[in-house]
Amino acid sequence: MSLDRRKGLVKLARKFDALIISDDVYDLLQWSLRKPVSCDRPHEMRLPRLCDIDRAMGSSANDPGGFGYAVSNGSFTKIAGPSVRTGWAEASPAFVAGLAHAASTRSGGAPSQLCAAILSEVVSNGEMQRFVDETLRPALQRRHRLMMDAIGRHILPLGANLCVSSLKGGDVFGGYFVWLDIKTEFSTAFIADVLKSEEDIVIGPGQMFTVHGDETSASFHQNIRLSYSWEAEEDIGDGIRRIGKTLLRMQENKKYYYELASASSSIGEHNHSRPQKF
């Protein structure tokens, strides 16, 4: 979100006495779309988070306890390594104190104590910040650029659309994924079945991300989510090429795939080797 939209959302939460829980760890993973791969993090990539904006607005008459209206819900899994399964919450002192005294926290059963102790050390000595700046973000920037180049060659000519920038009119992108809007008569759930069966490629069909019961207001049946953080850099271009080849094949053989889609929602197993995941 742009800075204006972030401020507007916090004002809305204050007006209606609502709490915003923001999974904003991706704010730490942004890079320039045009500049060379770099450790630099320019000013335009450092927008204040919702919890920062809330605290900057000061106290509210509707909140005498000073709990605030925005909580940053961060995950070390996104910036330190998968399976760490440890995160943090950042909010007002009153809210953090209340969260620390919640039963799930006080019992010691929810946090991973070992991971938390290790992460506390690497955060306090600066190693985490260096890893994000010098290793993680440049690696994601390279991978994203490889995927975008391949999508431009193999998928966009087939009529697909994608969001190029994280901010409308901006020059930055961030995170782990690219969203594509596939212009086709087939659902992306069916396309995912075809890719798994014919190419041994796993993608995230848009239906996976639909809120159950709210499909009519936010439908993603023509969208797919592709991850550039999972596969080795040398495999990204080949995987996108094969996805494009499959989409073209489905366009050119619609009758066959219509019959296949109507016969079964599951195409069957291809093999037991490790599939490529996008």
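# Helix packing and loop residues in a predicted model

Colleague: Where does Gly66 lie?

Modeller: This is a predicted model, and its Gly66 is partly exposed, with a relative accessible area of 35%. Leaving aside residues up to four places away in sequence, Gly66 touches Ser92 and Ala94. As for its place along the chain, Gly66 lies in the loop between α2 (50-56) and β3.

Colleague: What distance separates the C-alpha atoms of Gly66 and Asn223?

Modeller: Along its principal axes the C-alpha trace of the protein spans about 65 × 40 × 40 Å, which gives a frame for the question. Gly66 and Asn223 are 157 residues apart along the chain, and their C-alpha atoms are separated by 41 Å.

Colleague: What is the mean pLDDT of the protein, and over which residues is the pLDDT below 50?

Modeller: The mean pLDDT of the protein is 88, and 93% of its residues reach 70 or more. One stretch has a pLDDT below 50, and beyond near neighbours in sequence this stretch has 15 contacts in the model. Where pLDDT is low, the predicted coordinates should not be read in detail. The values asked for are therefore a mean of 88, and, for the pLDDT below 50, residues 266-273.

Colleague: How many helices and strands does the protein have?

Modeller: Of the 278 residues of the protein, 37% count as buried. Among contacts with a separation of 6 or more, 72% come from residues 24 or more positions apart. In terms of secondary structure, the protein has nine helices and eleven strands.

Colleague: Is Ser83 buried or exposed?

Modeller: Ser83 is found in the loop between β3 (70-75) and β4 (87-90). Its phi is near 80 degrees, a positive value in a residue other than glycine. With a relative accessible area of 61%, and with over 50% as the cut-off, Ser83 is exposed.

Colleague: What is the phi of Arg85?

Modeller: Arg85 lies in the loop between β3 and β4, and Arg85 is exposed, with a relative accessible area of 67%. Its backbone has a positive phi in a residue other than glycine, and the value is near 55 degrees.

Colleague: Which elements cover the buried residues of α7?

Modeller: In α7, the buried residues are Thr188, Phe190, Ile191, Ala192, Val194, Leu195, Ser197 and Glu199. Just after α7, Asp200 takes a positive phi of about 55 degrees. What covers the buried residues of α7 includes β8 (201-202), β9 (204-205), β10 (223-227), α8 and α9.

Colleague: At what angle do the axes of α7 and α8 cross, and why are these helices roughly perpendicular to each other?

Modeller: The axes of helix α7 (residues 188-199) and helix α8 (residues 233-252) come within 11 Å, and α7 passes α8 in a right-handed crossing. Angles of 65 to 115 degrees count as roughly perpendicular, and α7 and α8 are therefore roughly perpendicular to each other. The crossing angle itself is roughly 115 degrees.

Colleague: How do the residues of the contact of α7 with α8 divide into nonpolar, polar and charged?

Modeller: From α7 the contact takes Phe190, Ile191, Val194, Leu195, Glu198 and Glu199, and these meet Arg242, Ile243, Lys245, Thr246, Leu247, Arg249 and Met250 in α8. By class, these residues divide into seven nonpolar, one polar and five charged.

Colleague: Which residues make the contact of α7 with α9?

Modeller: α7 and helix α9 (residues 254-263) pack with their axes 11 Å apart and at an angle of about 100 degrees, and α7 and α9 are therefore roughly perpendicular to each other. By class, the contact of α7 with α9 has five nonpolar, no polar and one charged residues. The residues that make the contact are Phe190, Val194 and Glu198 of α7 and Tyr257, Leu260 and Ala261 of α9.

Colleague: Why is α6 roughly parallel to α8, and which residues make the contact?

Modeller: The axes of helix α6 (residues 127-154) and α8 come within 9 Å and cross at roughly 25 degrees; angles under 35 degrees count as roughly parallel, and that makes α6 roughly parallel to α8. The crossing of α6 and α8 is right-handed. The contact is made by Ala139, Arg142, Arg143, Leu146, Met147, Ala150, Ile151 and His154 of α6 and by Glu233, Ile236, Gly237, Ile240, Arg241 and Gly244 of α8.

Technical notes: Residues numbered from 1 in each chain as written. Predicted model: local features only at pLDDT ≥ 70, side-chain atom pairs only at ≥ 80, totals over all residues. Heavy atoms only, no water. Axes fitted to C-alpha atoms, helices over the stretch in contact; angles between N-to-C directions. Helix = DSSP H or I, 4+ residues; strand = E, 2+ residues; numbered from the N terminus. Parallel < 35°, antiparallel > 145°, perpendicular 65-115°, else oblique. Left-handed = near helix turned anticlockwise from the far one by under 90°. Contact = heavy atoms within 4.5 Å. Nonpolar A, V, L, I, M, F, W, Y, C, P; charged D, E, K, R; others polar. pLDDT = per-residue confidence, 0-100. Buried < 20%, exposed > 50% of the residue type's maximum accessible area, 1.4 Å probe, protein only.
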